[in-house]
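Trainee: I would like a close look at a single part of this model. Please take one residue and its surroundings, and then say how other parts compare in exposure.

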Amino acid sequence: MTVDLITLLAFVPAALALILTPGNDMLFCMAQGMRSGPRAGIAASVGVSTGGMIHATLAGLGLGVLIQSFPWVFGAIRWGGVAYLLYLAWKTLNSPLTAGDAPKTRAGRAFRDGMLVNLSNPKVILFFLAFIPQFVDPTKSVLAQFLILGGVLCAGAVVINGMVGAFAGRLGRALTENARLEVFLRRVTAGLFAGLAARIGWEAARG
(Lines give C-alpha, C1' and ligand atoms only; values in the text may rest on other atoms or scores of the structure.)
Protein backbone atom coordinates (compact mmCIF):
# COMPACT_ATOMS: atom_id res chain seq x y z
CA MET A 1 0.00 0.00 0.00
CA THR A 2 1.47 3.36 -1.06
CA VAL A 3 0.15 5.16 2.05
CA ASP A 4 -0.28 2.94 5.09
CA LEU A 5 -3.40 3.14 7.25
CA ILE A 6 -1.63 4.57 10.32
CA THR A 7 -0.19 7.45 8.28
CA LEU A 8 -3.58 8.11 6.72
CA LEU A 9 -5.30 8.15 10.12
CA ALA A 10 -2.75 10.72 11.32
CA PHE A 11 -3.11 12.80 8.16
CA VAL A 12 -6.91 13.10 8.07
CA PRO A 13 -7.46 15.06 11.33
CA ALA A 14 -4.54 17.38 10.52
CA ALA A 15 -5.97 17.99 7.06
CA LEU A 16 -9.47 18.57 8.49
CA ALA A 17 -8.17 21.19 10.89
CA LEU A 18 -6.51 23.03 8.01
CA ILE A 19 -9.62 22.86 5.82
CA LEU A 20 -11.82 24.28 8.57
CA THR A 21 -9.51 27.29 8.97
CA PRO A 22 -11.05 30.16 6.96
CA GLY A 23 -8.81 31.21 4.10
CA ASN A 24 -8.81 32.66 0.61
CA ASP A 25 -10.45 29.61 -0.97
CA MET A 26 -13.30 29.48 1.53
CA LEU A 27 -13.96 33.20 1.17
CA PHE A 28 -13.99 32.90 -2.60
CA CYS A 29 -16.56 30.08 -2.49
CA MET A 30 -18.68 32.10 -0.09
CA ALA A 31 -18.58 35.13 -2.39
CA GLN A 32 -19.57 33.04 -5.43
CA GLY A 33 -22.41 31.43 -3.51
CA MET A 34 -23.75 34.74 -2.24
CA ARG A 35 -23.84 36.25 -5.70
CA SER A 36 -24.90 33.34 -7.89
CA GLY A 37 -26.48 30.70 -5.70
CA PRO A 38 -25.61 27.26 -4.29
CA ARG A 39 -24.61 25.67 -7.61
CA ALA A 40 -21.99 28.36 -8.24
CA GLY A 41 -20.69 28.09 -4.68
CA ILE A 42 -20.34 24.33 -4.93
CA ALA A 43 -18.82 24.53 -8.42
CA ALA A 44 -16.30 27.08 -7.13
CA SER A 45 -15.31 24.65 -4.35
CA VAL A 46 -14.73 21.90 -6.92
CA GLY A 47 -12.66 24.31 -9.02
CA VAL A 48 -10.60 25.34 -6.01
CA SER A 49 -9.88 21.71 -5.16
CA THR A 50 -9.01 20.93 -8.78
CA GLY A 51 -6.44 23.69 -8.58
CA GLY A 52 -5.23 22.16 -5.34
CA MET A 53 -4.72 18.80 -7.01
CA ILE A 54 -2.72 20.48 -9.78
CA HIS A 55 -0.56 22.09 -7.11
CA ALA A 56 -0.13 18.73 -5.35
CA THR A 57 0.92 17.10 -8.62
CA LEU A 58 3.41 19.86 -9.42
CA ALA A 59 4.76 19.72 -5.88
CA GLY A 60 5.23 15.98 -6.21
CA LEU A 61 7.07 16.52 -9.49
CA GLY A 62 9.40 19.04 -7.86
CA LEU A 63 8.17 22.44 -9.05
CA GLY A 64 9.34 23.81 -5.70
CA VAL A 65 12.90 23.59 -7.05
CA LEU A 66 11.93 25.90 -9.93
CA ILE A 67 10.40 28.46 -7.59
CA GLN A 68 13.48 28.41 -5.37
CA SER A 69 15.78 28.83 -8.38
CA PHE A 70 13.72 31.60 -9.97
CA PRO A 71 12.01 33.68 -7.23
CA TRP A 72 10.43 36.00 -9.80
CA VAL A 73 8.12 33.15 -10.85
CA PHE A 74 6.61 33.18 -7.36
CA GLY A 75 6.05 36.94 -7.46
CA ALA A 76 4.65 36.95 -11.00
CA ILE A 77 2.05 34.30 -10.18
CA ARG A 78 1.07 36.07 -6.99
CA TRP A 79 0.56 39.47 -8.61
CA GLY A 80 -1.35 37.80 -11.41
CA GLY A 81 -3.73 36.49 -8.79
CA VAL A 82 -4.14 39.99 -7.34
CA ALA A 83 -5.04 41.39 -10.77
CA TYR A 84 -7.57 38.64 -11.43
CA LEU A 85 -9.30 39.09 -8.08
CA LEU A 86 -9.53 42.84 -8.62
CA TYR A 87 -11.11 42.18 -12.00
CA LEU A 88 -13.69 39.92 -10.35
CA ALA A 89 -14.39 42.62 -7.76
CA TRP A 90 -14.90 45.28 -10.44
CA LYS A 91 -17.12 43.00 -12.52
CA THR A 92 -19.26 42.06 -9.51
CA LEU A 93 -19.67 45.66 -8.42
CA ASN A 94 -20.81 46.68 -11.90
CA SER A 95 -23.11 43.72 -12.61
CA PRO A 96 -26.46 44.62 -11.02
CA LEU A 97 -28.65 41.91 -9.56
CA THR A 98 -32.44 41.83 -9.72
CA ALA A 99 -34.85 39.79 -7.68
CA GLY A 100 -36.36 37.92 -10.60
CA ASP A 101 -33.61 37.95 -13.24
CA ALA A 102 -30.16 38.02 -11.70
CA PRO A 103 -27.15 37.78 -14.02
CA LYS A 104 -25.57 34.83 -12.28
CA THR A 105 -22.24 33.17 -12.78
CA ARG A 106 -22.76 29.78 -14.37
CA ALA A 107 -21.43 26.71 -12.61
CA GLY A 108 -18.81 26.14 -15.31
CA ARG A 109 -17.54 29.70 -14.98
CA ALA A 110 -17.49 29.46 -11.18
CA PHE A 111 -15.48 26.24 -11.47
CA ARG A 112 -12.98 27.91 -13.78
CA ASP A 113 -12.67 31.01 -11.60
CA GLY A 114 -12.16 28.89 -8.49
CA MET A 115 -9.42 26.90 -10.16
CA LEU A 116 -7.68 30.05 -11.44
CA VAL A 117 -7.83 31.75 -8.04
CA ASN A 118 -6.27 28.69 -6.42
CA LEU A 119 -3.59 28.29 -9.10
CA SER A 120 -2.69 31.99 -8.88
CA ASN A 121 -1.85 31.58 -5.19
CA PRO A 122 1.73 30.18 -5.10
CA LYS A 123 1.46 29.73 -1.34
CA VAL A 124 -0.69 26.68 -2.01
CA ILE A 125 2.14 24.75 -3.64
CA LEU A 126 4.50 25.86 -0.87
CA PHE A 127 1.94 24.56 1.62
CA PHE A 128 1.90 21.18 -0.11
CA LEU A 129 5.71 21.13 -0.13
CA ALA A 130 5.81 21.91 3.59
CA PHE A 131 2.86 19.87 4.89
CA ILE A 132 2.53 16.67 2.88
CA PRO A 133 6.21 15.55 3.09
CA GLN A 134 5.70 15.07 6.83
CA PHE A 135 3.53 12.07 5.94
CA VAL A 136 5.55 10.80 2.96
CA ASP A 137 7.67 7.65 3.02
CA PRO A 138 10.73 8.38 0.82
CA THR A 139 11.20 4.67 0.13
CA LYS A 140 7.93 4.59 -1.83
CA SER A 141 6.69 6.58 -4.83
CA VAL A 142 6.74 10.22 -3.70
CA LEU A 143 4.46 11.40 -6.52
CA ALA A 144 1.87 8.70 -5.76
CA GLN A 145 1.84 9.67 -2.10
CA PHE A 146 1.46 13.36 -2.96
CA LEU A 147 -1.50 12.52 -5.19
CA ILE A 148 -3.20 10.33 -2.58
CA LEU A 149 -2.71 12.69 0.36
CA GLY A 150 -3.46 15.73 -1.80
CA GLY A 151 -6.61 13.99 -3.01
CA VAL A 152 -7.77 13.38 0.56
CA LEU A 153 -7.15 17.03 1.44
CA CYS A 154 -8.88 18.36 -1.66
CA ALA A 155 -11.86 16.03 -1.29
CA GLY A 156 -12.40 17.34 2.22
CA ALA A 157 -12.10 20.90 0.94
CA VAL A 158 -14.80 20.24 -1.68
CA VAL A 159 -17.22 19.18 1.06
CA ILE A 160 -16.46 22.01 3.52
CA ASN A 161 -16.11 24.84 0.99
CA GLY A 162 -19.10 23.50 -0.94
CA MET A 163 -21.25 23.68 2.20
CA VAL A 164 -20.07 27.26 2.78
CA GLY A 165 -20.90 28.17 -0.82
CA ALA A 166 -24.33 26.51 -0.67
CA PHE A 167 -25.30 28.26 2.56
CA ALA A 168 -24.09 31.60 1.20
CA GLY A 169 -26.22 31.01 -1.89
CA ARG A 170 -29.41 30.78 0.15
CA LEU A 171 -28.41 33.95 1.98
CA GLY A 172 -27.77 35.67 -1.35
CA ARG A 173 -31.22 34.82 -2.70
CA ALA A 174 -32.84 36.23 0.43
CA LEU A 175 -30.86 39.45 0.15
CA THR A 176 -31.76 40.03 -3.49
CA GLU A 177 -35.46 40.24 -2.62
CA ASN A 178 -34.84 43.79 -1.44
CA ALA A 179 -33.46 46.49 -3.77
CA ARG A 180 -31.31 48.12 -1.11
CA LEU A 181 -30.00 44.82 0.09
CA GLU A 182 -29.25 43.94 -3.55
CA VAL A 183 -26.78 46.81 -3.68
CA PHE A 184 -25.42 45.77 -0.31
CA LEU A 185 -24.93 42.22 -1.61
CA ARG A 186 -22.97 43.41 -4.62
CA ARG A 187 -20.76 45.60 -2.46
CA VAL A 188 -20.12 42.86 0.08
CA THR A 189 -19.29 40.31 -2.61
CA ALA A 190 -17.02 42.74 -4.47
CA GLY A 191 -15.46 43.63 -1.14
CA LEU A 192 -14.64 39.99 -0.48
CA PHE A 193 -12.83 39.72 -3.81
CA ALA A 194 -11.03 43.03 -3.27
CA GLY A 195 -10.13 41.99 0.27
CA LEU A 196 -8.58 38.78 -0.98
CA ALA A 197 -6.60 40.79 -3.55
CA ALA A 198 -5.42 43.20 -0.85
CA ARG A 199 -4.40 40.34 1.40
CA ILE A 200 -2.36 38.61 -1.31
CA GLY A 201 -0.89 41.94 -2.45
CA TRP A 202 0.13 42.86 1.10
CA GLU A 203 1.86 39.52 1.53
CA ALA A 204 3.57 39.96 -1.84
CA ALA A 205 4.79 43.46 -0.95
CA ARG A 206 6.19 42.20 2.33
CA GLY A 207 8.04 39.50 0.45
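Mentor: A word on the cysteines comes before the part itself. In this predicted model, cysteine 154 has a relative accessible area of 7%, and because the limit for buried is under 20%, cysteine 154 counts as buried. Cysteine 29 is buried too, with a relative accessible area of 0%. The structure holds 0 disulfides, so no pair of cysteine sulfur atoms lies within 2.5 Å.

The part to look at closely is methionine 26. Methionine 26 sits in helix α2, which covers residues 24–36. Its relative accessible area is 13%, and since buried means under 20%, methionine 26 is classed as buried. Leaving aside residues up to four places away in sequence, the contacts of methionine 26 are Ile19, Leu20, Ile160, Asn161 and Val164. One of these, asparagine 161, is 135 residues from methionine 26 in sequence. In space, the C-alpha atoms of methionine 26 and asparagine 161 are 5.4 Å apart.

For a contrast in exposure, take leucine 58. Leucine 58 belongs to helix α3, residues 38–61. With a relative accessible area of 31%, leucine 58 is partly exposed, because that class lies between the buried limit of 20% and the exposed limit of 50%. Together with Ile54 and Leu61, Leu58 makes a nonpolar surface patch of about 250 Å². Membership in such a patch requires over 30% relative accessible area, and leucine 58 has 31%.

Conventions: Residues numbered from 1 in each chain as written. Predicted model: local features only at pLDDT ≥ 70, side-chain atom pairs only at ≥ 80, totals over all residues. Heavy atoms only, no water. Helix = DSSP H or I, 4+ residues; strand = E, 2+ residues; numbered from the N terminus. Buried < 20%, exposed > 50% of the residue type's maximum accessible area, 1.4 Å probe, protein only. Contact = heavy atoms within 4.5 Å. Patch = residues over 30% accessible without salt bridge, like charges linked within 9 Å, V, L, I, M, F, W, Y side chains within 5 Å. Areas by Shrake-Rupley, 256 points an atom, 1.4 Å probe, with all protein chains shown as cover. Salt bridge = Lys/Arg side-chain N within 4 Å of Asp/Glu carboxyl O.
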